[in-house]
Each structure stands twice: as structure tokens, then as C-alpha cells.
Amino acid sequence: MENVIIWGAGINGLKLKRNLEKFTESVKVCFFCDNNTKKQGCSLEGVKILSYDQIVQMYEEGWDGSIVISVLQLADIVENVRKSGVKAKVYGVSHKWYLRENSHYKVLTDLLYEIDVTRPRLDYFEYHVSWHCNLKCKGCIHFSNVAKEEFGDLEKYKCDIQRLKELYWGVGTIRIMGGEPLLNKNFLEFCIVSRNLFPDASIKVATNGLLIPNLDTEVLKVMSAYGIGFDITQYPPTSILKEKIELKCMENDVVFGMTPLRDKFYDSSNLKGDSNGELEWESCLSNDCHFLDNGHIAVCALPILYEKFKGILNVNMEICDEDIINIYDKELDGFSLNERLSRPMPACRYCNARKPKWFEWQGNYPQLL
């Protein structure tokens, strides 16, 4: 990495330039690249800003150097590099770098990861580290209100995400969820192995938040250090603890988001299975919430959940191989898997996403102090 082009002539690009020069004197930032035509031809801290076409031409004429992308939303940029055929090493910046101060990064390998541009990226997957929940919400679409106590298998999860790493250069978002994930005392281990394999990912723990006020601060410190945050759904009992949850996250430097109050649930199922699957898929809010479990992945969680809980649900749904994809299929690559995950599946006929039935939230929860 003697000669470097930084993609993105903005605040992050400038911060990255200073970080690289701080880490090692052998790195020389030669150019910035930016799609903003008004920046092209200008300079940033003495370094000229070029267009992508100029960068491609330089490589075609034999220029030798690496590309480091400072932009958080980098998937389209990587795709452009792949299609252009530029022969260069391409690096991304660890997602946690965007969340923490520069002083936390002491070596270059903490900051950058190499991108294999010959492979695609998976936009999203979610995984249950706990199948049961401390709330019993009526109409829970993940059936956690009927699930017995059960936790995700860490060793199987490691194998599965290692397989995903073979198929993809990275993952946009990983949601560690359930059920209630914080019921699993080892939930953080799933987060850490995810971060180690996918430094580009936004990793969030999806929770109802009730257990956050009593979480060990050491756990929260590790979450902060690894750039792992909370996605908190504000159910009625969550709203009682809202301020305590926010304060706990803030004082431990953990990034979090909280939904508005969710005091209504909806039923979007059609047990007859006679819906128009393509139309339902187009209206579905979960058609990009790809669900990973035990060596398999699906467009959304429902096919896998129907199979898992069919004995309890007492419904007769026909789930097939087109609904639940074996990620260890040797015929698969990342491009073909992405194609399958981006279209309706046969199980979509069991949905009624266009005309959901809404009802008031109901649930059982412990006494809140």
C-alpha cells in the first residue's frame, strides 16, 4: 500500500488520509476520487481530486496503487470497480471506525480490510440467538410467544457465516435477534464472531430493551469497542423503561435506535395459501429480511419458522426447497444466491401483506421497577 487513492473527498476521506499517514510513513495518499463533479479538479489538503473515469484511465495506462474506500455505503462503488476490470487491491474501512474516535486505532489492520471485488455483497441477514422471549406478544410473527426456551448454536453459526464469507466479500447489515436475544447470556459471542468475519457490517442486536438497564457494563463496553449497537422496539412495557434504557446506552457509548411506540400488531397471514405471491412480495415489509438458520437461508423468516413450529402451530403449509436454500449447495455462488433472495418464493402465497389485519398489542411481561 505505498500508493493510495482514497474514494470519497469528504470529512471521512480527510480523516482517513490523516489516519493512514499517522499509522505508517510508507503510505502515500496520491489522489482522492469523488463523484461530485464540482469537487473534481480541486484539491483536499494538497491532494488532487479525480473522477472515477480518470482513475480507470490511470490504471489502464499502468498506474500501480491501491484504492481505499472511505464511504460508509460502499457496495455500489465496489460493484463499479468490479465491472470496470480495474486491477487494484481494494480496501474498505471497518464499520466501527465510523462510530469511534481515531485514537482507538493503533495499527493499520484495525482500520482496513481487503475486499475481493470478484464476489458480491449480501445486503442483510438476521439470526436467532434465542427463540423464546420475555414478552408473549399476541401475533408475534416469529412465533416467540409459543417457543420453548432454546438458544442458537454458536458453533453452527460460526460454520454458517464462514460459508457466507466464501460466497460474499461482505455483509451490509447483521441483526442478532430472537425471541429476545438478551436472554442468551452468550449473545455477545455471536456478535464478536460476526464482527471478526465481516468488518464492513452494521451489526445490531434487535431487542425489546427490557433487560438493557440491568446489563453488565463490561458487556456494553465490549459492544462499544466492536461497534455493535441496539435496535430497540418500543412496546408498551418498553416505554415504561425508555429513559433508563437510553441513559444506560449513552453512558456506555453504545449506539442505539428506538422505534416509536408499537401498540398495535398485525396479522398478514393467509393460511389458505391462495394469494398472488408476486404481488404479496412486492408489498411485503420483510422481503429483504433474509433469515439464516442451521445451514439454510430464506428470503424472510417465515418458511424456516413454519417448519420449526409446525407441530405447535397445527397448520398445513407446503414448504419446499425453493423456500429454504441450503447455503452449502456446491452449485451456489454469491451472485446466484443473491438472485434467489431477490425474488418471490413459493411460500409468499401464504401471505396477505397487501391487506393486513391490525389489532391492539397484548402481551405478558414481568413487573417493571
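This passage describes salt bridges, aromatic contacts and internal spaces in a predicted model.

A helpful place to begin is with the charged side chains. Across the whole structure, the search returns 21 salt bridges. In one of these, the side chains of K17 and E45 come together, with 3.0 Å from N to O. This pair ties together distant parts of the chain, as K17 belongs to helix α1 (residues 11-23) whereas E45 sits in the loop between β3 (43-44) and β4 (47-50), and 28 residues separate the two. The partners also differ in their surroundings: K17 has a relative accessibility of 5% and therefore counts as buried, while E45, with a relative accessible area of 42%, is partly exposed.

Other salt bridges span a short stretch of a helix. R82 pairs with E79, and the closest N and O atoms of this pair are 2.6 Å apart. Both residues are found in helix α3 (residues 75-84), where a spacing of 3 residues corresponds to about one turn of the helix. R82 has a relative accessible area of 30%, which makes this residue partly exposed, and E79, at 26% relative accessibility, is likewise counted as partly exposed.

A similar arrangement can be followed in helix α5 (residues 154-167), which holds both E155 and K158, again 3 residues apart, or about one turn of the helix. Their side chains meet in a salt bridge with an N to O distance of 3.4 Å. E155 is partly exposed, its relative accessible area being 49%, and K158 is placed in that class too by a relative accessibility of 33%. Beyond individual pairs, salt bridges with shared partners connect K17, R18, E21 and E45 in one network.

Attention now turns to the aromatic rings. The structure contains 15 aromatic pairs. Y59 and W63 make up an edge-to-face pair, with 5.5 Å from centre to centre and 90° between the planes. Within this pair, Y59 is buried, having a relative accessible area of 10%, whereas W63 reaches 22% relative accessibility and so counts as partly exposed. The ring centres of F143 and F309 lie 6.1 Å apart and their planes stand at 75°; as planes over 60 degrees apart count as edge-to-face, this pair is therefore edge-to-face too.

The contact between F143 and F309 bridges distant parts of the chain: F143 is in the loop between β8 and α5, F309 is in helix α11 (residues 302-313), and the two are 166 residues apart. Both F143 and F309 are buried. These two residues also belong to one aromatic cluster, whose members are W131, F143, F291, Y306 and F309.

Aromatic rings meet charged side chains as well. K15 is positioned over the face of W97, at 4.3 Å from the ring centre. Over the face of F359 lies K138, at 5.1 Å from the ring centre.

The remaining topic is space within the structure. Rolling a probe the size of a water molecule over the atoms reveals where empty space remains. The second largest pocket has a volume of about 380 Å³. Its lining is made up of 18 residues, and those closest to the pocket centre are P120, R121, L122, D123 and N338. Two or more lining residues come from each of α3, β8 (121-130) and α12 (334-341). Of the elements, α3 contributes the most to this lining, with 4 residues. By residue class, the lining of the second largest pocket comprises 8 nonpolar, 4 polar and 6 charged residues.

As for closed spaces, the count comes to 1 cavity of 30 Å³ or more. The largest cavity encloses about 80 Å³ of space. The residues that line the largest cavity are E280, W281, C284, S286, N287, V299, C300, L302, M345, A347, C348 and C351. The lining of the largest cavity divides into 9 nonpolar, 2 polar and 1 charged.

Technical notes: Residues numbered from 1 in each chain as written. Predicted model: local features only at pLDDT ≥ 70, side-chain atom pairs only at ≥ 80, totals over all residues. Heavy atoms only, no water. Salt bridge = Lys/Arg side-chain N within 4 Å of Asp/Glu carboxyl O. Buried < 20%, exposed > 50% of the residue type's maximum accessible area, 1.4 Å probe, protein only. 1 Å grid on protein atoms, 1.4 Å probe; cavity = no way out; pocket = protein on both sides within 12 Å on 5 of 7 lines; lining within 4 Å. Points joined across faces, edges and corners; volume = space filled by probe spheres on them. Nonpolar A, V, L, I, M, F, W, Y, C, P; charged D, E, K, R; others polar. Phe/Tyr/Trp six-rings, centres within 6.5 Å; stacked < 30°, edge-to-face > 60°. Lys NZ or Arg CZ within 6 Å of the ring centre and 35° of its normal.
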